[in-house]
Structures are given as C-alpha cells and as structure tokens.
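Thank you for making time this morning. I would like to walk you through a structure that is new to most of you, so please have a look at it before I begin.

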Amino acid sequence: MADHMRSSGLPISHEGFLNHKGFRYLKVALVVSLIAIIGYLAADVRLRPNGGTWYGYSLGAISALLIVWLMLLGIRKRAMTSGHWSLKAWTSAHVYLGASLLVLATLHTGFQFGWNVHTLAYGLMVVVILSGFVGIYYYATVPRKMSDNRAHRTQKDMLDAIRALNRELREAAQPLDQKYVEVVKRAIRNTKLKPGLFQSIAGAQRQCATTRAAKRLRKAAANADPEMRRPLEAVTAILERKSALLLRTRRHIRNKTLLQLWLYIHVPISFALLAALTAHIISVFFYW
Amino acid sequence: MGIRVEFIKRRPGGRITVRPTIYDKKDVTLGRATDCDVFLSDLRVGLYHAKLTQLSANKARLEANGDHRVRVDGAQVRRREIGLKDGSTIRIGPYKIALSPADNKGDMLITIELVEEPTPVRDKRDEEAVFTMRGYAPDKRASAWVLLSLIAIVFLAAPVVLHFRAKDPETPGLAAHLAMTTNQTWLAGSMASSHANLTEDCRSCHVTPFERVTDAACLSCHEDMRDHADPHAMLAAMPDHKGADIVPAALRKGLSIPERRCGSCHFEHNGPTGVIPSDAQLCVDCHDELDQRFTETTLVNVSNFARRHPEFSPAIVLDPEAEPPETTRISLVKHPKENNGLTFPHDLHLKDEEVIRKLETLPANVRARYGDELDCADCHETDAAGALIKPIEMEEHCSDCHSLAFAASDDEVRNLPHGEPTEVRRVLEDFYLAQATNLLLGDRPDTLLERQLSAEARARRERLRAQAFADAKKNTDEMIARIFSEEGVCRKCHDNVDPATRQGLPELTPVRLTTHYLPMAHFNHADHMTGNIKCQTCHKAETSASSEDVLMPSITVCRACHDDTAGRTAIASDCLTCHSYHDEDEETPLMSPAGLRSAMSGGRR
C-alpha cells in the first residue's frame, strides 16, 4: 500500500479533493464540456461561430457565472462546514468545473482572438486556470517530499537548531586565530536561509557561506600545528553539521514556496480577470 | 597604585551583581585569549585586543594591539589617554567599559558590562519571514487590488468616460485621441474592408450606448438599398420555428436578438473578408418549401444548387415585333426555340468552306483580325468587367464579310446604311440622280447659252434630261427590289415580314438579341475562361444550324464543377455566387427592415 502511494504520488489512501466521491465533479465537468462541444458543432449559428450568436451568448453567460462562482471559493474556504457542500466537495468542484471553463470559454470565443479587452479577459482566464493546474500538481507531489525532508522537525525546530549551532560555533571559535575567527564570523553573518526566489525554486544554493567556511577550515586544519588542529577540526565539524541543516531547511523553504507560489498568480490574476471580464461584458453591450 | 576590575551583571528586578578582581599592577590586558587579565568572551574581541595602563591617580592610557581598534566616546582610536574623572565610555565589541578613581586612594576602577547580545544573531528573523513567501512576491491581496483597479480604469472607466467626453465638440484633441485609442481595445475584430474607414469611429454605427446598431444607422449611408421582395410576400414566405430551431429561436427572443435587422445577416467585426454572408441557409430558410407557405409564388423551391435547383429558364424572345420588346422565361427542359428576327447559322460560320474562302478574299489588313477561320471571339467580346458578352453590331461584327457596298470606283466604295430602309432609298436615289446630273452636265458646253440653241437641239436636250431622270428612278427601284428580294443582301440575315411595300420598301422583322439570358443571376465569362474551358465547352454553337437554337448551357453543365455536396471539389456554389439579395429592380421597395418587423408583430406570429 505504502509503495503504491509513493509511486502514484497521489494520496489515494484517503479521499482528497481530487478523487472526491469517486471523481464526481470530474465526470460532471467532462459531461458539461462534451455537451458544449456537441452544441458548438450542431448549433445553427448565423453566420459563423461567434460570441454574439445565441449559442455564444449562452456559453458566455454560463462561463461568466462560473467564474464568479469559482472565485467564491476564496470566501467559502474561510467558513468551515461539512456534509454535502463540504469544503472538500467545493474544492473538488472548483478544480474540475474550473478546468471545464477552458472548453466553455474557448468555444464562446468562436476561436476569434485579437489584441483587445475581450481576448485579454480570455488570456487572463487561461493564466488563472493553468496556474491552478500547477497548484494541483504541487499539491499532489510536494507534501510527501516535504514531510520526508522535514523528518518530524517543525519549522521552529529548524530555526532553533540553527541558532544552537551558531552558539556552538561562537564558543568553539574562541581559541582560533583572528583570521579564522573572521571566516567563522562571516559564515554566521552571511548565512542566508532564504535564497532568491529563482534560486530557491531551482533548489541550488551555489554560494552557501557555511559550506565555504567548512571547506576552508578543513583545509586549514590539515595544515595547522598539532596544537591548533583540534579546535579547527571542532569548528569545522560544527560548520558541516550546520551546512547539512541549512540544506534541509532550504529544501523545506523550496517546498513551501512551490506550494504557495502558484497562488500568488492564481489569486491576483483572477481578480484582474474579474475586472477584464466586467469590461468585456459592458463593452460588448455598450457598443452592441 | 592598583587596578580593580568589576564585571557588572544586571539581574531581573534591578538587582546588580558585581564580580570584582583586583590586580596589584599598573596595567591590564584585555582580550578574548584566556591568559588576558580581563577576559572578554566574544568573537568581535581580539585575542589580545588592548592594554590599559594607569599613568597617574587621574589618568590612564588605552592602547589597542596590532590592527585592533577601540571606540572611545564614539570615536575609533588606536591609542588614547583618558582622564579617570572624565566619565568617558570605552567600547570593545559588545562590552562597555568605564574608568574612574577607585575608593582605595590612588587605585583605578574599571567597570565592565556586557551591553549587547554576545554576537548579533543574523538569522533570528521570525519564522514567518523565513518560511513564507514574504520577500518573494508582493502580498496577494494588494496585487489583486492593484491589477483589478488598473484593468478597470484602463479598459472600462477610460473608454466609457472618454466616449462621453469626446462627444463634446468643445473638447477635441487629447480626449478625442485617447477615446479613439482606448476604444480600439474594445474592437472585437477587424472591420470589413468596405467599412475600414469607420474603424476609428465607433459611434458612426453604435449611435446610442447599450442599443443595438440600428437599421437607420446602416441606411444613413446605404440609402438607396432595395429590399429583396415585397415585405408581405417575404412575411408569407418565412417559415415558422419548429423542431430543433425552437430553442435557438426562444433564446434569440429572450436575448432580444431581433430578426430581420440589417445586422441579422450582416455581421461586422469578423475580419476583412466582408459583411456579406455566404451562408446558403439564410436563403434556404424561405426558398425551401416556399410554395407551401406562399402559394401565390411563381418561384420554384430551391434548397441546394447541386441537388435542388430548377433548370435554368432563360429569357426567350418569342415575338421580335412586340413593342416594347418582351421576353418569356422558358425552362431549358422544354427546349425552347427563340424567334429573335435574325437568320444566323452558327455552324456555318464556324466551319464552312465558303466562310473560309470568303475570308481569303478579304484585304490583308482586315483578314489579320480573323485568321484562317472564324472563332467565337471574332464576334463575341466580353464587356469591360469580363462579365457579359457585348451586343453584336452589324457594322462591327458582320460587315467585313457581309458588305453593303453597292457601287465602287477606283477611289471610292459606296455602302448602304444598315438598319434604316428609308435611308437606303435616299442614298440610292441620291446616287443615281447624281449620276444622271453628271451625264447631263457632260453633254452641255458651259459657254453656250440655252437661248442660243436651236429648237431642235432644245427638244433633244429635253428628251435626254427626261430619259436621264427616268433611268435614275428605274435604277433606284431595280436596286431596291434586288437588295430586298428573296436573294438580296438584306434577306441573308433578315426576315421580310410584310412583302407589301411602304414607299416601295419592304417591312423587315426587327432583330431582338438578348445580352442577359438569366437576368436574375450574375455571371462572369472572364472568370470561367481558365484551363481547358473554351466558349464551346458550355455553348454548343458548332452544331447549331439555326438562330432559333438557345445556346445557353443547362444547369448540369455548371454542376460539373459547382457541386459542393459531400466529397466533391468545393468550388463556391452558394446562392450568392450567382444571385444577389438586394434586388436592383426599381419596382422593389427600398430596404426597410423596420417596416417588415412591424408587419411581423401584427402579422401571423
């Protein structure tokens, strides 16, 4: 069972928002999309498929209402209830009906695009939906990696451990020569838990001050007098422990970033979409 | 002299603990190294950072070691002499150090207090800052509002405000320009090329906000556009909504998409290819099963060119003498024969030996126009648009061979006028009278006066004169009889309706040649002359021995190419390929969709 879960990456042992009620809303979304496609092919629209035909208006109205409903998740999720319209059911419907919007709204356009507010609204909608897909992907894959990486540590544990190592470093560095003290001080001072956004997502910390300091002191210890070797090795060992802890912490930050970043596109762009959608609807009837 | 060092530690509740050490010497070393007199445990403190030497009861010297520095009253110094009563503050790393005279006279008191955390902890930011998106992206809520406002202002508020602002002629310039620019973001698609000049002027069609483009707006330019037919006839022809059409019809009604507007058929903002719909269904709605709804119609039901379109019914001349000229539409199914008053065998002209021999007798410059034998284009030319064939003119197309010359001398050929029998008589009379006059003048010397002639000579002269004029009349009559006789030059092509003469002239049948056999359709000959297609591909002239033959091709000839039923080559075969919707007949009323709509609302639905 555990192997199965691991390989699929999906938490199938319990019912999540994706497989809620045996993929009920996936089925609903597929049926809705299929009906819309068949209607598009069969509808007698004069003179070409277009947002302004009776079928175009119908698809547009349904899509606009759907967008408003999808955005209500932001309000709905702040109020916990259970049962038929549990948050899980709501989220499941949000995901699948939101994806079906890609079909409905595309058919609404009649495949007519241009550099105008109408296509702007469509483009923003596509961005919102695609960012949602990204979010679903990370929701399905990241949490497992994240708990593996955390190894039962809380975030506070990680920070406390780093602080403790810093204290140890300061004490252990007391007997060292000033130039090595500077190395240790720099390593402590320049510890950046949180690299830049892109570096964080890429998962590489090329310039970790702690790792660099550990390398330097290990080399120094190899060449030092027997008398100075012990304190240097002691400091090096602490630096290496800290380096490993930093790696784990940064991985944790990366995981948390992946889980949140898409929302920083999904939410603001959906508000931009709301404005563009309003402008789209008003403009087409203003110049009817 | 001695030195007393006191480490001060402040406890919660204001308690202070002091840990004193007394040195019986004049100087103490300060540093991180354990063998320093004053041990300062912090990495910012050097191993052997500084030395304090008491110089007198009231003075001490502070010396930093090597590259180290000490901060005295805020200034970084290497070496400084300090008065013990000055109250100066010395800082080394996180430690605050003060000097003063000790209670024990002559001694120096050094008080040391740790005033900062041993080392600033750079990573002691709060957990939230580290493990959230802070610093990576602006706040979701803030950016949502910024984007929402930005789009609402640029794409909604600005166009609306500027729509009304720019309307005011008092504020041209910037407002109007901005209105144009922002309005363009509302443009749903590029305009038809015929309306391209209106792209920047939305209000020329969209007169009132939130009101559909009115027919009046269209008709303000297209003022002499004619309707398709009589509104009541069209009303009768329109089908009731039924079956699968009920839902769309109800929706159109619910969404107030009125039918029978200009905009019901002419969709703008769908690209440059035009607002003229080519959807055959628009026509078929009424013309399929037309006779069942509109029983008075003379039109045949049509639903598809390839499968359900009647055989062509060309406009046939049955009586060339009818005045005004009239034609009758007769289906090619009935193999109509035409009586256009002209005798013309196409087969003869296209391949007969006699025609070839005749061509050989023509002067070289004339012959160059025809070549060795005649073909269609020698007589039939298309008009400037390449659409229809120009009418045949006798003088231009026939007279090179069918000459109307009646007399020729070395330097002159006399031709009869074509088409004017009375003129023919006058020309001949003039010609023969001139001949007689010349004869008489040649007989009389100019110098001789009439009265000088003898009576006999005068009598002879009178006889001669009478004879000459009688001959002239006789020649004229003979010539006319010959020209108009059964074998005469006219009768080669024309019928003689009435052999009884009027002023000695026969009545010839008028010739009524048709230039537009299918007047309700438009056809372009030039467009069709491609590939292997020649005139005779469609018009079977080579085998036509009589001008009674109607050489219009059957619809099956068109369908060889124009057949867009499934699987066939899709050459345009919709209604508008050949027909127009807006009638050009001046008897059809002017376009007035509103009139029909009001008829509809009071009519049968």
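Before I describe the sheet, I should say that two strands are taken to pair if DSSP finds at least two bridges between them. Please also keep in mind that what you see is a predicted model.

Let me start with chain B, where 7 strands form an open sheet with mixed pairing, and where the order across the sheet is β2-β1-β12-β11-β10-β7-β8. The edge strands of chain B are β2, at residues 16–23, and β8, at residues 75–77, each of which pairs on one side only. Going from one strand to the next, the twist averages 25 degrees. At the β8 end, strand β7 of chain B, which covers residues 70–72, is joined to β8(B) by 3 bridges, and the two run antiparallel. Within that pair, Val72(B) stands opposite Ala75(B) of β8(B).

Staying with chain B, I turn to an annotation, which comes from an unreviewed UniProt entry and places a "transmembrane region" at residues 142–162 of chain B. In the model this span is 100% helix and 0% strand, and its end C-alpha atoms lie 28 Å apart.

Chain A has another make-up, with 11 helices and 0 strands. Buried residues make up 35% of the 288 residues in chain A, and of the contacts in this chain with a separation of 6 or more, 76% are between residues 24 or more positions apart.

As an example of helix packing in chain A, consider helix α2, residues 24–42, and helix α5, residues 87–109, which pack at an angle of about 10 degrees with their axes 8 Å apart. Because angles under 35 degrees count as roughly parallel, α2(A) and α5(A) are therefore roughly parallel to each other. Among the residues that make this contact are Val28(A), Val32(A) and Tyr40(A) from α2(A), together with Tyr96(A), Leu97(A) and Val103(A) from α5(A). The residues of the contact of α2(A) with α5(A) divide into 15 nonpolar, 3 polar and no charged.

Finally, how many residues does each chain bring to the contact between chain B and chain A? Chain B gives 51 residues and chain A gives 56 residues. On the side of chain B that touches chain A, at least two residues each come from α1 (127–131), α2 (140–165) and α6 (246–254) of chain B, and α2(B) gives the most, with 11 residues. That side of chain B divides into 31 nonpolar, 9 polar and 11 charged residues.

Conventions. Residues are numbered from 1 along each chain as its sequence is written. Chains are lettered from A and ligands numbered from 1 in the order in which they are written. This is a predicted model: local features need pLDDT of at least 70, side-chain atom pairs count only at pLDDT 80 or more; totals for chains, interfaces and linings use all residues. Helices (H or I, at least four residues) and strands (E, at least two) are DSSP runs, numbered from the N terminus. Axes are lines fitted to C-alpha atoms, for helices over the stretch in contact, and angles run from 0 to 180 degrees between N-to-C directions. UniProt positions are given in the numbering used here, feature names are shortened, and annotations may be inferred rather than shown by experiment. Angles under 35 degrees count as roughly parallel, over 145 as roughly antiparallel, 65 to 115 as roughly perpendicular and the rest as oblique. Two residues are in contact if their C-beta atoms, placed from the backbone, lie within 7 Å. Ala, Val, Leu, Ile, Met, Phe, Trp, Tyr, Cys and Pro count as nonpolar, Asp, Glu, Lys and Arg as charged, and the others, Gly among them, as polar. A residue is buried if 20 or more other C-beta atoms lie within 10 Å of its own, exposed if 12 or fewer, and partly exposed in between; C-beta atoms are placed from the backbone.
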